[in-house]
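Please read the following as a walk through one protein chain, with the sequence and the model open alongside.

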Amino acid sequence: MIRKTIMAACLACATLAGVSAQADQLDDIKAKGELLCGTLGTSQPFSFQDVSTRQLVGYDVDVCKLVADKLGVKVQYKLLSVAARVPELSEGRVDILAANLGYSPERAEQIAFSNAYYVSPQKLLVRADSDYDTIESVNGRRIAATKGSSSEREIKRIMEKSKVLGFSDSSAAYLALQQKKVDAQFASELVLARLVLQSPPTSPVRVIEKPVFSESWGLGIKKSETRLLEAVNQALNDAEASGEAAKLFDKWFGPETPYKLKRDFKIGPIAG
């Protein structure tokens with residue numbers, strides 16, 4: 001009887017120890033020597049397949065590798081759809097998300113966000129021959145946005161005088177602008193930079209420089225994993241202090257890229 005009691009106690013202790021180990025994801029990641037990063041794989045230049053090497057590359061890909069290097073482990077990637085991002089993280093099928101994950105209070109109730117590693121200015125695109133040169137001049141006009149996007153939701157809220165028309169994607173919204181069905185298109189700076197590059201010389205477009213608002217992107221982590229969140233934030237902060245973060249930005253968005261974007265942010269906590 002005593003022996004059975006001792007064995008039961010040992011089994012209970014072992015079970016509790018196992019639960020404790022599972023509960024601390026940072027220790028688990030270091031024990032297996034690998035960080036599994038969920039990313040999209042279809043969002044150039046954030047995560048996409050290089051056509052010449054067939055390798056997964058991009059800003060999000062490099063940021064995940066940076067974090068893994070700081071943790072002293074290898075990185076592996078799992079490609080996810082937009083809709084699957086939060087469920088895959090919540091179910092523990094990935095350790096971290098680097099997947100165009102814009103902060104919102106609603107999302108922050110489901111998952112934890114790291115410090116902002118990218119800030120996406122949301123701007124207005126107009127035809128070059130138009131008289132619109134400020135946000136205020138566009139308010140009250142017809143604005144195109146991608147249906148169901150955070151851009152559509154926010155532009156309706158911020159520019160309440162305007163008529164916001166939803167389109168299936170940014171290309172459809174751009175076509176509506178060129179056909180003069182709308183007076184402006186609202187999207188992220190990066191999307192609009194691509195459209196400026198693609199616009200024909202006979203129908204040029206331009207971006208109103210001042211952002212309507214800016215959306216902070218963080219790496220997604222399970223809410224219960226506070227030690228992992230602290231370690232990830234430390235890795236990002238170190239990269240900011242060393243200049244490594246700025247170099248990564250310039251590699252994918254800077255003067256030597258087609259986008260020629262200027263980095264107007266530093267890695268830091270997201271105001272929520």
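Two residues are said to be in contact when heavy atoms of one lie within 4.5 Å of heavy atoms of the other. With neighbours within four places in sequence left aside, Ser188 is in contact with Ser120, Pro121 and Gln122. Ser188 belongs to strand S9, which covers residues 184-188. Buried means under 20% relative accessible area, and Ser188 counts as buried because its relative accessibility is 15%. The model is a predicted one.

For the wider setting, the UniProt record, an unreviewed entry, lists residues 34-256 as "domain: Solute-binding protein family 3/N-terminal". Over residues 34-256 the chain is 37% helix and 30% strand. The C-alpha atoms at the two ends of that range are 32 Å apart.

The nonpolar interior comes next. The largest nonpolar core has 55 residues. Tyr59, Val67, Tyr117, Tyr118, Leu219 and Phe253 have the most contacts inside this core. Tyr118 illustrates the packing: beyond its neighbours within four places in sequence, Tyr118 is in contact with Phe46, Tyr59, Leu190, Glu215, Ser216, Trp217, Phe249, Phe253, Leu261 and Phe265. There is also a second, separate core of 15 residues, with Leu124, Ile143, Phe186 and Phe213 among them.

Which residues line the largest cavity? They are Tyr59, Val63, Leu66, Tyr117, Leu236, Ala239, Ala245, Leu248 and Ile267. Tyr59 and Tyr117 also appear among the residues with the most contacts inside the largest core. The structure holds one cavity of 30 Å³ or more, and the volume of the largest cavity is about 50 Å³. Helix H3 (59-71), helix H10 (226-242) and helix H11 (244-253) each supply at least two residues of the lining. Of the elements, H3 gives the most, with three residues. By class, the lining of this cavity has nine nonpolar, no polar and no charged residues.

The largest pocket holds about 910 Å³ of space. Its lining is made up of 32 residues, and Asn100, Ser149, Ser150, Glu215 and Trp217 lie nearest the centre of the pocket. Two or more lining residues come from each of H5, strand S6 (112-127), helix H7 (150-158), S9, helix H9 (189-198) and strand S10 (205-221). The class make-up of the pocket lining is eleven nonpolar, 15 polar and six charged residues. Glu215 and Trp217, named for the pocket centre, are also contacts of Tyr118.

Helix H7 can be followed from the pocket into the protein. Its buried residues are Ser151, Glu152, Glu154 and Ile155. These buried residues pack against S6, strand S7 (142-146), strand S8 (163-167), S9 and S10.

The loop between strand S5 (96-97) and helix H5 (105-108) contains Asn100. Is Asn100 buried or exposed? Asn100 is buried, because its relative accessible area is 18%. Its phi is near 50°, a positive value in a residue other than glycine. Ala98 lies in the loop between S5 and H5 as well. At 0% relative accessibility, Ala98 counts as buried. Not counting residues up to four places away in sequence, Ala98 touches Cys37, Gly38, Thr39, Asp60, Cys64, Tyr117 and Leu219. Tyr117 and Leu219 are both listed among the core residues with the most contacts. Ala98 and Ala84 are 14 residues apart in sequence, and their C-alpha atoms are 13 Å apart in space.

Two further backbone details remain, in loops earlier in the chain. The peptide bond from Gln44 to Pro45 is cis, with omega near 5°. Pro45 sits in the loop between strand S1 (34-39) and strand S2 (48-49). The next loop, between S2 and strand S3 (56-57), holds Arg54. Arg54 is not a glycine, yet has a positive phi of about 65°. The cut-off for exposed is over 50% relative accessible area, so Arg54 counts as exposed at 54% relative accessibility. Asn100, the other residue described here with a positive phi, is by contrast buried.

Technical notes
Residues numbered from 1 in each chain as written. Predicted model: local features only at pLDDT ≥ 70, side-chain atom pairs only at ≥ 80, totals over all residues. Heavy atoms only, no water. Core = buried A, V, L, I, M, F, W, Y, C linked by side-chain atoms within 4.5 Å. Buried < 20%, exposed > 50% of the residue type's maximum accessible area, 1.4 Å probe, protein only. Helix = DSSP H or I, 4+ residues; strand = E, 2+ residues; numbered from the N terminus. 1 Å grid on protein atoms, 1.4 Å probe; cavity = no way out; pocket = protein on both sides within 12 Å on 5 of 7 lines; lining within 4 Å. Points joined across faces, edges and corners; volume = space filled by probe spheres on them. Nonpolar A, V, L, I, M, F, W, Y, C, P; charged D, E, K, R; others polar. UniProt positions renumbered as here; feature names shortened; annotations may be inferred.
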